[in-house]
Amino acid sequence: LDSSRAVEASGLVKSFGKTRAVEGVDLHVPSGAVYGFLGPNGAGKTTTIRMLATLIRPDAGVATVFGYDVVREADKVRSRVGLTGQFASVDEDLTGLENLVLLARLQGHSWSGARKRASELLEFFELAESARRQVKTYSGGMRRRIDISASLVVTPDLLFLDEPTTGLDPRNRIQIWDIIRALVNDGITVFLTTQYLDEADQLADRIAVIDRGRIIAEGTSGELKAMVGSGALHLRLDNPGNRPEAERILTQQLGMRVNLESDPVELSARTPDSGFATQALLTLSEAGIMVTGYSFGQPSLDEVFLALTGHSVETSDEQESTR
């Protein structure tokens, strides 16, 4: 395994009872960037992170973090990493300042050093004005920021962020994105798990796609999109009642693979070129289906996931919370 990489893993396996959560995961994570780990609920993302962060032992396989084995040299791995999980790790009855000072003291800072480090983090995460409020009074976005700051009391070389923006509104998501970019600019490697395709697209230099415990694709966002081998035609109809017929026409008459979007008047379809897209528009028009807007371009990561797995990133046959 390569000690110059942030993470190297080969054949990682983990089961919980009869449930195989991770089935032979290989990873090669470069230093100094954001590595995206993309997949739906139950895909195995959290279990993989917990093995790499030395919280649980793999049943099989081997992994290193900056060259240190996650089983045999767990203490050395822990000295290099930070972890922000999906659930708050701070004490909600303490203030933001008290939480960070406590964590800094536990990690060896003097009282003055702990207060100084806590103040630096509160300032960086724009929490200084709320420093003396109990964490239970914080908004969702503030809680995620104090949680991430808790992982940085001792600056790690590698920060695991497990779905850091789940449940946040768009404004708070963008704030977390800006924080992640700033951390990478400071030299921290970020291993980011997410089920949000736009998040991986926005942040990650490389992306591994995991489904049902297996890595099914890996590469840059552009490389993953190129795997689909075609462009994407995005259509907006005048009437949601016309969407089933539009889907039937595109699928049966033109042989296109259709993805129904969350907006009931929108759908997208894979198409080899712009000429084929024009034919689709003409066929829909002849059938009396009015298209109020369309675009042709690279497929989205959602369409890539659908092409690779046969189902959308939002759905999975297995939803085990243990994963």
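Reader: Why does Lys-225 count as buried?

Author: Happy to explain! In this predicted model, Lys-225 has a relative accessibility of 13%. Buried means under 20%, so Lys-225 counts as buried.

Reader: What makes Asp-201 and Lys-225 a salt bridge?

Author: Their closest N and O atoms are 3.1 Å apart. The cut-off is within 4 Å, so the pair forms a salt bridge. Asp-201 lies in helix 7 (residues 197-203) and Lys-225 in helix 8 (residues 221-227), so the pair ties together parts that are 24 residues apart in sequence.

Reader: Why is Asp-201 called partly exposed?

Author: Asp-201 has a relative accessible area of 33%. Partly exposed covers what lies between under 20% and over 50%, so the label fits Asp-201.

Reader: How do you know that Asp-147 and Arg-144 are buried or exposed?

Author: Compare each value with the cut-off of under 20% for buried. Asp-147 is at 2% and Arg-144 is at 8%, so both count as buried. They also form a salt bridge, with the closest N and O atoms 3.3 Å apart. Both lie in helix 5 (residues 140-150), about one turn of the helix apart.

Reader: And why is Asp-75 called exposed?

Author: Asp-75 has a relative accessible area of 59%, and exposed means over 50%. Its salt-bridge partner is Arg-78, which is partly exposed at 44%.

Reader: How many salt bridges does the rule give?

Author: The count comes to 22 salt bridges. Lys-116, Arg-117 and Glu-120 are linked in a network of them.

How values were computed: Residues are numbered from 1 along each chain as its sequence is written. This is a predicted model: local features need pLDDT of at least 70, side-chain atom pairs count only at pLDDT 80 or more; totals for chains, interfaces and linings use all residues. Side-chain values use heavy atoms; hydrogens and water are left out. A salt bridge is a side-chain nitrogen of Lys or Arg within 4 Å of a carboxyl oxygen of Asp or Glu. Buried means under 20% relative accessible area, exposed over 50%, partly exposed in between (1.4 Å probe, protein chains only). Helices (H or I, at least four residues) and strands (E, at least two) are DSSP runs, numbered from the N terminus.
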